Amino acid sequence: MNRRIELSTFEELKNYDSYLNWLNDPEVFKYLESNSRKSSISDIQDYINLQKENGHIFLPVIYKSNGDHIGNLKIYNFNEENNLKSCEYSRVIGNKSYWGKGLGYELGLLALAYCFNILRVDIVEAGCVSSNIAAIKSNLKIGFKESHKITKFVEQKNKKEEIIRFKILRSDFT
């Protein structure tokens, strides 16, 4: 597949302006497990630093043809049990100009290749709210299997939401 996107580092970004724009757009966070309050450049820098301190991999997603920062990938919850390494990822295409172009699916494939081939994990997990039909379809198309559902209270939204959890094994990723 000829990839239209690539992963970068936040150190390589020239500025956080586009990130700030979509971070403060409520529509972008409608389907995420958490909502974001209005953010500043300082908040973004603090969040990036917190991810590093917590041992998470947090990378910007760049649209290759023009260099736009269009989303993020976070890989976290690293674990090893019974000689099996696992992690979780979350992905977002935050720049709405790039919605509906299959880039979430493409980012999912890129993320799994990173997890399985570079990090050498055996299992990757992901989740989304049950109302996010596009994410559910994308996860299934990538090869994830639904593992279970949970209902949890999301403080920022002041309501309960059903979260669908997905899992994929390295041996199932082609």
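Trainee: Which residue stands opposite Tyr 76 in S4?

Mentor: Glu 88 is the one facing Tyr 76. Keep in mind that we're looking at a predicted model here.

Trainee: What makes S3 and S4 a pair?

Mentor: Two strands pair if there are at least two bridges between them. S3 and S4 have nine bridges, in the antiparallel sense, so they count as a pair by that rule.

Trainee: And how do you know that S2 and S3 pair?

Mentor: Use the rule again: at least two bridges are needed. S2 and S3 have seven, and their sense is antiparallel. You can look for Leu 59, which stands opposite Leu 73 in S3. The two strands form a hairpin with four residues between them, and Gly 67 in that turn has a positive phi of about 80 degrees.

Trainee: In which sense do S4 and S5 pair, parallel or antiparallel?

Mentor: Parallel, over three bridges. One spot to check is Ser 86, whose bridge partner in S5 is Ile 123.

Trainee: Why is S5 called largely enclosed?

Mentor: Count its buried residues: five of the seven in S5 are buried, so the rest of the structure largely encloses this strand.

Trainee: Let's go back to the S3 and S4 hairpin. What is notable about the phi of Asn 82?

Mentor: Phi of Asn 82 is positive, near 55 degrees, and the residue is something other than glycine. Asn 82 sits in the loop between S3 and S4, a hairpin with two residues between its strands. Asn 83 is found in that loop too, and has a positive phi of about 60 degrees although it is not a glycine.

Trainee: Why is Asn 82 called exposed?

Mentor: Exposed means over 50% relative accessible area. Asn 82 has 69%, so it is exposed. Asn 83, at 71%, counts as exposed as well.

Trainee: What makes Ser 131 only partly exposed, then?

Mentor: Partly exposed is the range between the buried limit of 20% and the exposed limit of 50%. Ser 131 has a relative accessible area of 42%, so it falls in between. You'll find Ser 131 in the loop between S5 and H4. Ser 131 and Ile 118 are 13 residues apart in sequence, and their C-alpha atoms are 32 Å apart in space.

Trainee: And why is Asp 25 called buried?

Mentor: Buried means under 20%, and Asp 25 has a relative accessible area of 17%, so it makes the cut. Asp 25 lies in the loop between helix H1 (17-23) and helix H2 (41-53).

Trainee: How do you know that the side chains of Asp 25 and Lys 96 make a polar contact?

Mentor: The atoms have to be N or O within 3.5 Å, with one able to donate a hydrogen and the other to accept it. The contact between these two side chains is 2.7 Å, so the distance fits the cut-off. The side chain of Asp 25 also reaches the backbone nitrogen of Glu 27, at 2.9 Å. And the C-alpha atoms of Asp 25 and Asn 95 are separated by 9.5 Å, although they are 70 residues apart along the chain.

Trainee: What makes up the largest nonpolar core?

Mentor: That core has 33 residues, and among those with the most contacts inside it are Ile 5, Ile 70 and Phe 144. Strands S2, S3, S4, S5 and S7 and helices H3 and H4 each give two or more residues to this core. H3 gives the most, with nine.

Trainee: Which residues does Ile 70 touch?

Mentor: Leaving out residues up to four places away in sequence, its contacts include Ile 5, Trp 22, Val 61, Tyr 63 and Leu 103. Apart from the largest core lies another one, of 14 residues, including Phe 10 and Leu 23.

Trainee: Last one: how do you know that the protein chain agrees with a compact globule?

Mentor: Set the two radii of gyration side by side. A compact globule with 174 residues would have one near 16 Å, and the protein chain has 16 Å, so the two agree. Its C-alpha trace spans about 40 × 40 × 35 Å along the principal axes, and buried residues make up 44% of the chain.

Definitions and conventions:
Residues are numbered from 1 along each chain as its sequence is written. Side-chain values use heavy atoms; hydrogens and water are left out. A nonpolar core is a set of buried Ala, Val, Leu, Ile, Met, Phe, Trp, Tyr and Cys residues joined through side-chain atoms within 4.5 Å. Buried means under 20% relative accessible area, exposed over 50%, partly exposed in between (1.4 Å probe, protein chains only). Contact means heavy atoms within 4.5 Å. The radius of gyration is taken over C-alpha atoms; the globule rule is 2.2 Å times the number of residues to the power 0.38.
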